[in-house]
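Please open the model in a viewer and keep the selection panel at hand. The tour below proceeds from one interface to another.

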Amino acid sequence: MSRLAKVFEQLAERGAKALVPYIVAGDPAPQHSVSLMHALVDSGADIIELGVPFSDPMAEGPTIQLAHERALEHHVSLSQVLDMVAAFRQTNADTPVVLMGYTNPVEHMGYSQFAERAKQAGVDGLLTVDMPPEEAGETSQLLRDAGMDNIFLLAPTSSDQRVAKVAALASGYLYCVSLKGVTGAGHLDIDSVREQMQLIRQHSDLPVTVGFGIKDGESASAIAPLCEGVVVGSALVDRLAKWDNAADTDKQIAEAVSLIADIRKAIDAVADV
Amino acid sequence: MSKQQEHVDFSQFPNAEGHFGPYGGRFVSETLIFALDELAENYQRLSQDPEFRAEFDRDLAYYVGRPSPLYHAERWSREVGGAQIYLKREDLNHTGAHKVNNTIGQALLAKYMGKKRVIAETGAGQHGVASATVAARLGMECQVFMGEEDIRRQALNVYRMKLLGAEVISVKSGSRTLKDAMNEAMRDWVTNVDDTFYIIGTAAGPHPYPMLVRDFQSVIGREAREQHLEQTGKLPDALVACVGGGSNAIGLFHPFLDDKTVAMYGVEAGGHGVATGEHAAPLSDGTPGVLHGNRTYLMQDEAGQIIHTHSVSAGLDYPGVGPEHSWLKDIGRVNYVAINDDEALDAFRKLTLVEGIMPALESSHAIAYAEKLAATMRPDQSIVVNLSGRGDKDIHTVAGIDGIGID
């Protein structure tokens, strides 16, 4: 059983929901990324979505755009991101790591080389924001062959037919985008997410995580009962934006991940675990 | 031309998924798929609809001023001493460039689809002006995304857009040029996808944009073909057009693709020289990748990050190119070459002095290459150059290079 499947199974047994923080690899600086990942797990993260820096992050709002720019100031490449995952795996064998990013860096490395190296590094899945199922045939197959999952997005604009199509190709979990907009947008609508979830459930038994617009315990606990997991990106990344190289590293990491601990408490409270 | 395949049916491209061979496609986030489907379906229907087609043709005739003349540049041709050079005068269109052919078409689509708001990205500002113009005429709200760096370079067009009632939004992310403006327009579109029509300015982006922009711009090549036949009794021997995203080039080339005797040259921005790496010539010195919704040749580094481009002309300063050009390069139907900043500036001055026609700096790249090419040809041969826009907007830039301040 894959690490992702195992995590969702264990959570379901306890009646708990997955907490999925997103950070950009190499933000605020490459030397902090692995420590940050461990700190996220210690604060209650079940799965880590690790953003692969890209020069043109089209789907991101300003907060995460800036995180990509900070990482690229350090020239963080996909190759280095894989090294970070390998380093994380030396002391964590259980927490799934899903790479989230854009097609071009993966295409440039080559899909089969990526699949091979990602597997070796201990990556569990890949979510390329700008690669819908129509363009993903080859990639999905290579990932599957290497035992990794291809995670796809579903949007408020996805039709019944689209949901069926995406669900047919997806594995691991489905990522439900809660709103029309970019990451970090502020207009989360619970009723619309509820409707989306009803549609998704008709077509898939996969676990569903919901992301975009979840920024604190309150928004997370409103969404969590509807799905299997919540993704927290911009709110966490925003804390890293205030990073000060002159200040104490451990303390700053602790301050950043305290958001994850807060959200953990909030979603566990509504799940009654 | 040795790579060229024998029997390519160019009318079959792109395929239903928007692919030109390995290029094109739809690399966008899921939220936009429905909007692209909606656009593709409406375009499919409306492009066959007599009422829509008649309205488009009427607008091109009476609002844009088409057909644009095909002008035999006799004095320039004599000076070069080679092939006869003909200029397709897209600079005489309303708003001063070929861009308006496409914005008229897309704004009509928006109108028929009931969209109240249009957005556009712009580099040199020509597409922004053309979008603001059609929005003003149709009474639509219009916002134009423009890189901060380009706003500085193209102040005249920025003010022009404002006068036309559009809001110009300064894009401060990334390299602050056309590619970043396109990122920001995509972000706006994904947020306001229900009521907003995104007027993409070049034959790039996710399917169906490369196809529909090409179709709207193909009026250039259809007219040029007819006019050249009428004036000379034969087809031209060569076509030359500048390529940034490549909409004016594909518009000129496409109606000639089946004419095997017609050679085609797409001229990219060589900036400080292709060998220096400081240029905007992905077909000359790039590799295939995925950006802005399509797979195409890109300027990228060894990690697949898009790199900064350089060109004296803001309209060519883009790291990608329309996917059909990538395909036409690979199959050998079109030759892609590069012209440096200095050569383009020389051509700008030359055409102005010899023919009394001031070309846009973008078009000056095509002018410069046409002169080189003509010199290698016989006087009984001919070249059609797409004079895609007029140079008024570039006077500040050229004056600046001459060390003259104009206020």
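What area is buried between chain A and chain B, and what percentage of it do carbon and sulfur atoms give? The model is a predicted one, and in it the two chains bury about 2,800 Å² between them, with carbon and sulfur atoms giving 50% of that area.

**Stop 1: the interface of chain A and chain B**

Select the residues of each chain that are in contact with the other chain. The selection should hold 36 residues of chain A and 36 residues of chain B. Across this interface there are 24 residue pairs in polar contact, both residues of a pair being at pLDDT 80 or more. The rule also finds four salt bridges here. To view one of them, select Lys180(A) and Asp194(B), whose side chains meet at 2.6 Å, N to O.

Next, colour the side of chain A that touches chain B by secondary structure. Elements that each supply at least two residues are helix H3 (62-73), helix H5 (103-109), strand E6 (152-154) and helix H8 (160-169) of chain A. The largest share, five residues, comes from H5(A). Recolouring this side by residue class gives 18 nonpolar, ten polar and eight charged residues.

**Stop 2: the two domains of chain B**

Now hide chain A and select domain 1 of chain B as 18-60 + 99-213, then domain 2 of chain B as 65-96 + 216-401. Their centres, taken over C-alpha atoms, are separated by 22 Å. Domain 1 of chain B puts 47 residues into the contact, and domain 2 of chain B puts in 42 residues.

How much area do these two domains bury between them? The value is about 3,600 Å², 60% of it on carbon and sulfur atoms. On the side of domain 1 of chain B, select Tyr23(B), Phe27(B) and Asn101(B): these residues lose the most area to domain 2 of chain B, together 19% of what that side buries.

A search for salt bridges between the two domains returns zero. Polar contacts, by contrast, are found in 17 residue pairs, both residues at pLDDT 80 or more. Several elements of chain B each supply at least two residues to the side of domain 1 that touches domain 2, among them strand E2 (23-27), helix H2 (50-64) and helix H4 (99-112). H4(B) gives the most, with seven residues.

As a last step, colour that side of domain 1 of chain B by class: 24 nonpolar, 18 polar and five charged residues appear.

Conventions
Residues numbered from 1 in each chain as written. Chains lettered and ligands numbered in written order. Predicted model: local features only at pLDDT ≥ 70, side-chain atom pairs only at ≥ 80, totals over all residues. Heavy atoms only, no water. Contact = heavy atoms within 4.5 Å. Buried area = accessible area lost by both parts, 1.4 Å probe. Polar contact = N/O pair within 3.5 Å; in protein donor to acceptor, adjacent residues only side chain to side chain. Helix = DSSP H or I, 4+ residues; strand = E, 2+ residues; numbered from the N terminus. Nonpolar A, V, L, I, M, F, W, Y, C, P; charged D, E, K, R; others polar. Domains from an automatic or database assignment.
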